[in-house]
Amino acid sequence: MLFALVTAQPSSGVAADGEAPPLLAFSARIAGDDARTRLVIAFDRKPDFSIHYVADPVRVVVDLPETSFGLKPESLDPRGLFNAIRYGGMGAGASRLVLSANGPTEITEAKVLPEEDGSGYRLVLDAERIDRARFEKLLSEQQWKGSARAVKADRPSAPPPKAGTFVIAVDAGHGGIDTGAIGGTSKIEEKRVTLDFARVLAETLNREAGVEAFLTRDRDEFLSLSQRVQIARQGNAHLFISLHADTLRQKDIRGATVYTISDRASDHLAAELAQRENLSDEIAGISIESEPPEVADILIDLTRRETQAFSVSLARSVVTSFEGQIKLINNPHRHAGFRVLQAPDVPSVLLELGFLSNKEDETLLLDPDWRKKVSGLIADAVRRYRQAAVANGG
């Protein structure tokens, strides 16, 4: 599947603040077979770039300065050596092209050439199939560890909240290069839906007495799953709410679902969604091995039993708040191994607001009034959860 951003026309110049604007990638083409494949991307200005490799599955990662991608979606339909091509932002100042390969692959030649008509420059990437031994050598020789240079992986810890303040991390799923699902009718990207809803939810929660809500991301940027967990913990969050709006093959399925962490999925749908959501880092060209040791520990160990119990309590409160007010899926509280919910000390839920593959859900997800209504219901659920937690000494 190809993930693309808004189409634009080539231009050049200087931004209003005197700084150079992002590069513009305004056209692309790909040709080749399962032995050799060439990609050509045209830019308005000369691009700096670097190339890296990731294994299991094999991916070629091309890091670029901040770039606006004005490419036609069909211009980089995967073919030849590549089965998926994705591109997008990796945070302020950086963008990335991720080429998912069918097997061990090497970029044997990469060059930037000026266009003869002076309209810009083209990046030419020639890829060839190689054997596993050669690919392992490429991996061992590179110094790159899979991190994105412009993503704020280590945001400073927030000061401790005022006594009695209940802090909530609101996590807008996906972002940047990871667009998430695509609306069946509107073609809107999930990352936009979740950010729009997250902003409304945070505003609603902040109107609650004694509550302080913050966003894990407040713009269209990529954050790894581990970064989302880190940001919540560094922000001294008492709750973590991750927002999503996925798609399903069965377009008649609709309604909200609340997920909590478990080492065993409650059902096939929960397992499938968790598997897809856990691919976020892979989409961006990041491997688990590149994450900080303290995060790796989180990924290995199941959430503490006490924290999991609080997560279940929050999920039940949300379901109760939604019942009779908005459409719920059958058995609306489900569980699976979502990596983004694995903070050991922060009760966490993942809320599927609805499905962009269903026309009725898609219409509601884009409705500002519906967002306000659902945000109010979530605030009610949080209030009841908080009261119960305090009553139980939590």
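These exercises work through a predicted model.

**Exercise 1. The open sheet**

Task: Give the strand order of the open sheet of five strands, and find which strands stand at the edges.

Solution:
1. The order reads β5-β1-β2-β9-β8, and the pairing is mixed.
2. β5 (67–69) and β8 (105–114) each have a single partner strand, so one side of each lacks a neighbour in the sheet. These two strands are the edges.
3. On average, neighbouring strands here are turned by 25° against each other, direction ignored.
4. Now take the pair at the β8 end. β8 runs antiparallel to β9 (residues 121–129), and nine bridges join the two.
5. For one facing pair, look at Glu109. Opposite it, in β9, stands Asp126.

**Exercise 2. Ser224**

Task: Locate Ser224, decide whether Ser224 is buried or exposed, and list what Ser224 contacts beyond its sequence neighbours.

Solution:
1. Ser224 sits in the loop that runs between β11 (211–215) and α3 (225–234).
2. Its relative accessible area is 5%. The cut-off for buried is under 20%. Ser224 is therefore buried.
3. Its side chain makes a polar contact with the side chain of Ser226, at 3.1 Å.
4. Set aside neighbours within four places in sequence. Ser224 then contacts Asp281 and Ile286.

**Exercise 3. Helix α9**

Task: Check the length of helix α9 against the expected span, then describe how its buried residues pack.

Solution:
1. α9 covers residues 368–391, which makes 24 residues.
2. At 1.5 Å a residue, the helix should span 34 Å. The end C-alpha atoms are 35 Å apart, so the two values agree.
3. At the helix start, a side-chain oxygen of Asp367 comes within 3.0 Å of the backbone nitrogen of Asp369.
4. The buried residues of α9 include Trp370, Arg371, Val374, Leu377, Ile378, Val382 and Tyr385.
5. The partners of the buried residues are β10 (166–172), α2 (190–206), β12 (239–244), α7 (305–322), β15 (348–352) and α8 (359–365).

**Exercise 4. The largest nonpolar core**

Task: Which residues of the largest nonpolar core touch the most other members, and which element gives the largest share?

Solution:
1. This core holds 41 residues. Ile168, Leu205, Leu243, Phe322, Ile378 and Val382 touch the most other members.
2. Two or more residues come from each of β10, α2, β11, β12, β13 (256–261), α7, β15 and α9.
3. α9 gives the largest share, with eight residues.
4. Another core lies apart from this one. It has 31 residues, among them Ala25, Ile41, Ala55 and Phe69.
5. Back to Phe322. Beyond four places in sequence, Phe322 contacts Ala256, Leu328, Leu351, Val374, Leu377 and Ile378.
6. Leu328 is in strand β14 (residues 328–336). At 15% relative accessibility, Leu328 counts as buried.
7. Leu328 and Ala256 are 72 residues apart in sequence, yet their C-alpha atoms are 4.6 Å apart. Leu328 also touches Arg254, Gly255, Val319 and Glu323, among others.

**Exercise 5. Phe135**

Task: Place Phe135 in the fold, and state which residues Phe135 touches outside its sequence neighbourhood.

Solution:
1. Phe135 belongs to helix α1 (residues 132–141).
2. Its relative accessibility is 0%, so Phe135 counts as buried.
3. Val54 is 81 residues away along the chain. The C-alpha separation of Phe135 and Val54 is 9.6 Å.
4. Leave out residues up to four places away. Phe135 touches Tyr53, Val54, Ala55, Val58, Pro104, Thr105 and Ile130.

Definitions and conventions
Residues are numbered from 1 along each chain as its sequence is written. This is a predicted model: local features need pLDDT of at least 70, side-chain atom pairs count only at pLDDT 80 or more; totals for chains, interfaces and linings use all residues. Side-chain values use heavy atoms; hydrogens and water are left out. Two strands pair if DSSP finds at least two bridges between them. Helices (H or I, at least four residues) and strands (E, at least two) are DSSP runs, numbered from the N terminus. Axes are lines fitted to C-alpha atoms, for helices over the stretch in contact, and angles run from 0 to 180 degrees between N-to-C directions. Buried means under 20% relative accessible area, exposed over 50%, partly exposed in between (1.4 Å probe, protein chains only). A polar contact is a pair of N or O atoms within 3.5 Å; within protein, one must be able to donate a hydrogen and the other to accept it, and residues adjacent in sequence count only if both atoms are side-chain atoms. Contact means heavy atoms within 4.5 Å. The expected span of a helix is 1.5 Å times one less than its number of residues. A nonpolar core is a set of buried Ala, Val, Leu, Ile, Met, Phe, Trp, Tyr and Cys residues joined through side-chain atoms within 4.5 Å.
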